[in-house]
Amino acid sequence: MKILLSLFCALLFGAAAQAAGLECVVPSKPGGAMDLTCKLAQKGLAGLRETPNPPPSDMHITYLPGGIGAVAWHSLVSGRRTEPNTLVAFSGGSLLNLAQGKFGKVKPSDVRWVAALGADYGMIAVRADSPYKTLRDLVAALQANPQKVLIGMSGTIGSQDWLKMALLAKSAGIDPKALRFVALEGGGEAFTAMHANFVHVVSGDASEASLYASGNTRVLAVLSEQRLPGVLANVPTAREQGFDVVWPIIRGVWMGPHASEAEYRQWVATFDRVLASPQFAQMRAASGLYPFGLTGDALAAHVKQAVDDYGKRAAELGLVR
């Protein structure tokens, strides 16, 4: 019922937003990596203002949280199918939800995949005053008594934040079902809950950690093949600490299914220009993301393969509906 009400409100809101020009929809609450994705798209498009054939207008950002992305998905696919100037942020977590049937009986081809703007990685963080100084400290506490550690995550069981911790637990000989998770709506909410001491640990993304990498946050590990440059350069990988867990994350935007082919191809060409800009590379790095750019048909093929791969991994853990 809550999701249906949110969807109804989203459809009403969409009618007003359509008249307001170019829009990027964040399918979560403000402050997380989905928000960051729209803001990066906004900056990238703004960088084309002084070039031939600039975007039609300045992009504004709106928020449609609910159902771990389901409200935004169904808002566009059901009620706003033809809008040519509405883009929606997505991540690897969105693709994982598709693979598990969390958006209902839908498939990647139900929308148009416009552009991947960069790559992100999973990470594990605690408060700066936490007794867990390293990832090994946290794992030791989970091995001793997993019920004493509250883990904040975006989404529910089966989400990518849940899977990150599940894979870490399995690598340490811990049953993932023994862990205690608190489901939250977006990375911003997860960090807020941790700083309020409502949860003890956040399973999230490196880009989110870069936003909150202040004196009150300690990042225990990044889930990348090697250490990341930038703000988190001194954070060791999980592999360095003896846990072979790597979790890359794609970040980008899609649009509704019934915009015309010409409108879709125009957006693909526009983001090709964005991705080719040296200034955009600097914007992406400042956002805590790493090079990974695909558009149009190449992105659609990548998404289809990723959803298939996520489906197989989820099935192995008994998560597919």
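Is His195 buried, partly exposed or exposed? At 26% relative accessibility, His195 counts as partly exposed, where buried means under 20% relative accessible area, exposed means over 50%, and partly exposed lies in between, computed with a 1.4 Å probe on protein chains only.

Before I go on, a word on the model. This is a predicted model, in which local features need pLDDT of at least 70 and side-chain atom pairs count only at pLDDT 80 or more, while totals for chains, interfaces and linings use all residues. Residues are numbered from 1 along each chain as its sequence is written, and side-chain values use heavy atoms, with hydrogens and water left out.

Let me stay with the histidine for a moment. His195 lies in helix α7, and here I should say that helices (H or I, at least four residues) and strands (E, at least two) are DSSP runs, numbered from the N terminus. Leaving aside neighbours within four places in sequence, His195 is in contact with Arg127, Tyr212, Asn216 and Thr217, contact meaning heavy atoms within 4.5 Å. For one of these partners we also have a backbone distance: His195 and Asn216 are 21 residues apart in sequence and 7.6 Å apart in space, C-alpha to C-alpha.

Two of the other partners lead into the strands. Arg127 has Thr217 in β8 as its bridge partner, and 6 bridges join β4 (residues 112–127) to β8, the two running antiparallel; strands are said to pair if DSSP finds at least two bridges between them. Strand β8 itself, residues 217–223, is mostly covered, with 7 of its 7 residues buried.

Strand β4 also pairs with β9, again in the antiparallel sense, over 8 bridges, and in that pairing Arg112 stands opposite Met255 of β9. What else pairs with β9? Strand β3, residues 86–91, pairs with β9 in the antiparallel sense over 5 bridges, and the partner of Ser91 across that pairing is Arg251. Strand β9, residues 248–255, is mostly covered, since 7 of its 8 residues are buried.

Ser91, which lies in strand β3, deserves a closer look. With a relative accessible area of 4%, Ser91 is buried, and, not counting residues up to four places away in sequence, Ser91 touches Met34, Gln160, Ile249, Ile250 and Arg251.

Following the chain onward from β9, we come to Ser260, found in the loop between β9 and α9. Ser260 is partly exposed, with a relative accessible area of 32%, and, to return to our opening residue, the C-alpha atoms of Ser260 and His195 are separated by 46 Å, although the two are 65 residues apart along the chain.

Now to the helices. Helix α2 (residues 33–46) and helix α9 (residues 261–276) pack at an angle of about 85 degrees, with their axes 9 Å apart; axes are lines fitted to C-alpha atoms, for helices over the stretch in contact, and angles run from 0 to 180 degrees between N-to-C directions. That makes α2 roughly perpendicular to α9, on a scale where angles under 35 degrees count as roughly parallel, over 145 as roughly antiparallel, 65 to 115 as roughly perpendicular and the rest as oblique. The contact is made by Ala41, Gly44 and Leu45 of α2 together with Trp267, Thr270, Phe271 and Val274 of α9.

Helix α2 also takes part in the disulfide, of which the structure holds 1. Cys24 and Cys38 form it, with their sulfur atoms 2.1 Å apart, the cut-off for a disulfide being a pair of cysteine sulfur atoms within 2.5 Å. The pair links distant parts of the chain, Cys24 in strand β1 (residues 23–26) and Cys38 in helix α2, 14 residues apart. The torsion about the S-S bond of Cys24 and Cys38 is about -75 degrees, so the disulfide is left-handed, and both cysteines, Cys24 and Cys38, are buried.

I will finish with two asparagines in loops. Asn53, in the loop between α2 and β2, has a positive phi of about 55 degrees although it is not a glycine, and Asn53 is exposed, with a relative accessible area of 65%. Asn197, in the loop between α7 and β7, likewise has a positive phi, of about 65 degrees, without being a glycine, and at 47% relative accessibility Asn197 counts as partly exposed.
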